[in-house]
Amino acid sequence: MELDLKNEMLSSGISFWEMIRPPEDISTNGHLIENVFNYTTALNIFYFILVCAGLFGFSYFYHHRRHPRPYYTYGNKKIHLMVTAGIGLAVFFTIDLNITRMSNNDMVNTFWKWPDETKEEVLKVEVLAQQWMWHFRQAGVDGEFNSQDDIVTAHELVVPVDTKLMFQIVSKDVIHSFYVPNARIKVDAMPGRVSRIWMELTKEGTYDIACAEMCGTHHYLMQAKLIVKSKEDYESWKKEAHKLAMQTNDESYPESLWGWKWEN
Ligand SMILES: [Cu+2]
């Protein structure tokens with residue numbers, strides 16, 4: 001097993017660190033998620049070391065050779081209760097309450113601050129999840145969803161860089177989860193309900209979209225590519241996609257109109 005890993009690393013030319021580190025953050029707000037994650041990890045390590053020190057320390061000092069007469073305690077003396085309560089409260093205030101505060105601030109100040117279309121450039125995308133693939137719909141030239149010029153893609157999503165992207169997400173069958181690791185964003189896709197999320201990507205390239213909810217036997221196959229293009233490249237792609245849409249989208253076929261009127 002170890003050898004396999006080593007061979008794999010050698011053949012692909014990437015270091016061990018590159019294999020285990022999180023994917024590159026290409027979003028404007030991904031660092032907020034990362035901060036909460038790192039904070040939780042750091043404090044867990046801190047308390048883990050503290051607990052280990054206690055466990056192994058007491059085992060050492062109270063070993064029967066050093067401490068031949070056993071000492072029985074029920075842990076109900078005032079000092080015991082105070083130490084236990086103190087550690088419990090320290091964990092509660094420094095981990096639980098603090099990550100609640102941090103994530104609540106991020107929610108209210110960032111992730112629920114929806115981009116304002118009247119003031120800035122926004123691209124809206126409708127996402128349909130199903131066992132086992134992703135569909136994406138952009139409104140096209142007319143700006144209306146569920147019309148003939150909609151740009152509909154499967155397995156890949158093309159978006160412009162440095163633009164606010166607003167997503168509305170549903171599922172056709174079971175619960176899926178729309179996951180963009182490079183933006184640290186993940187949101188459930190549910191049947192009968194529209195989920196929302198927004199993000200802004202700052203680096204061109206091809207990235208992964210995955211399903212992060214165990215959704216059936218082929219869950220692992222449920223992936224798509226996120227292609228981030230420069231604004232000029234996106235515009236020319238959109239022009240081509242528009243031509244293709246006008247030639248191929250068939251409005252009389254109701255299945256093709258799986259989109260919905262954008263919900264404000
Ligand atoms: Cu899925």
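These are my notebook entries on one predicted model and what I looked up in it.

**Ground rules.** I number residues from 1 along each chain as its sequence is written. Since this is a predicted model, local features need pLDDT of at least 70 and side-chain atom pairs count only at pLDDT 80 or more, while totals for chains, interfaces and linings use all residues.

**Overall shape.** I started with the whole chain. Its radius of gyration is 26 Å, where a compact globule of 264 residues would have one near 18 Å. That radius is taken over C-alpha atoms, and the globule rule is 2.2 Å times the number of residues to the power 0.38. I get a C-alpha trace that spans about 90 × 45 × 35 Å along its principal axes. I then looked at burial: 17% of the 264 residues are buried (20 or more other C-beta atoms within 10 Å of a residue's own; exposed is 12 or fewer, partly exposed is in between, and C-beta atoms are placed from the backbone).

**Elements.** I count 5 helices and 10 strands in the chain. Both are DSSP runs numbered from the N terminus, with helices being H or I of at least four residues and strands E of at least two.

**Helix H3.** How far does H3 reach from its first C-alpha to its last? I find 46 Å for its 32 residues (30-61), close to the 46 Å expected at 1.5 Å a residue; the expected span is 1.5 Å times one less than the number of residues. The number of buried residues in H3 is 1, so this helix lies largely in the open.

**Open sheet.** I traced an open sheet of 5 strands in the order S3-S2-S1-S5-S8, with mixed pairing. Strands pair here if DSSP finds at least two bridges between them. S3 (151-154) and S8 (195-200) are the edge strands with a single partner each, so one side of each has no neighbour in the sheet. The twist averages 25° from one strand to the next, using lines fitted to C-alpha atoms (for helices over the stretch in contact) and angles from 0 to 180 degrees between N-to-C directions. S2 and S3 run antiparallel, joined by 4 bridges; I noted His135 with Ala154 in S3 as its bridge partner.

**Around S10.** S10 pairs with S4 (156-160) in the parallel sense over 5 bridges, and it runs antiparallel to S9 with 6 bridges. Thr206 stands opposite Ile227 in S10. I followed the side chains along S10 and they alternate: Ala224, Leu226 and Val228 are buried on one face, while Gln223, Lys225, Ile227 and Lys229 point to the other and are not buried.

**Glu156.** Which residue of S10 is the bridge partner of Glu156? I find Lys225, 69 residues away in sequence but 4.6 Å away in space, C-alpha to C-alpha. Leaving aside neighbours within four places in sequence, Glu156 is in contact with Ala224, Lys225 and Ile227 (contact is C-beta atoms, placed from the backbone, within 7 Å). Glu156 is partly exposed, with 13 other C-beta atoms within 10 Å.

**Core.** The largest nonpolar core (buried Ala, Val, Leu, Ile, Met, Phe, Trp, Tyr and Cys residues joined through C-beta atoms within 7 Å) has 25 residues, and Val127, Ala129 and Ile169 touch the most other members. Among the elements giving two or more residues to this core I note S1 (122-130), S5 (164-171) and S10 (223-229). Beyond four places in sequence, Val127 is in contact with Trp134, Phe136, Phe167, Ile169, Phe178 and Ala189.

Terms used. Two residues are in contact if their C-beta atoms, placed from the backbone, lie within 7 Å.
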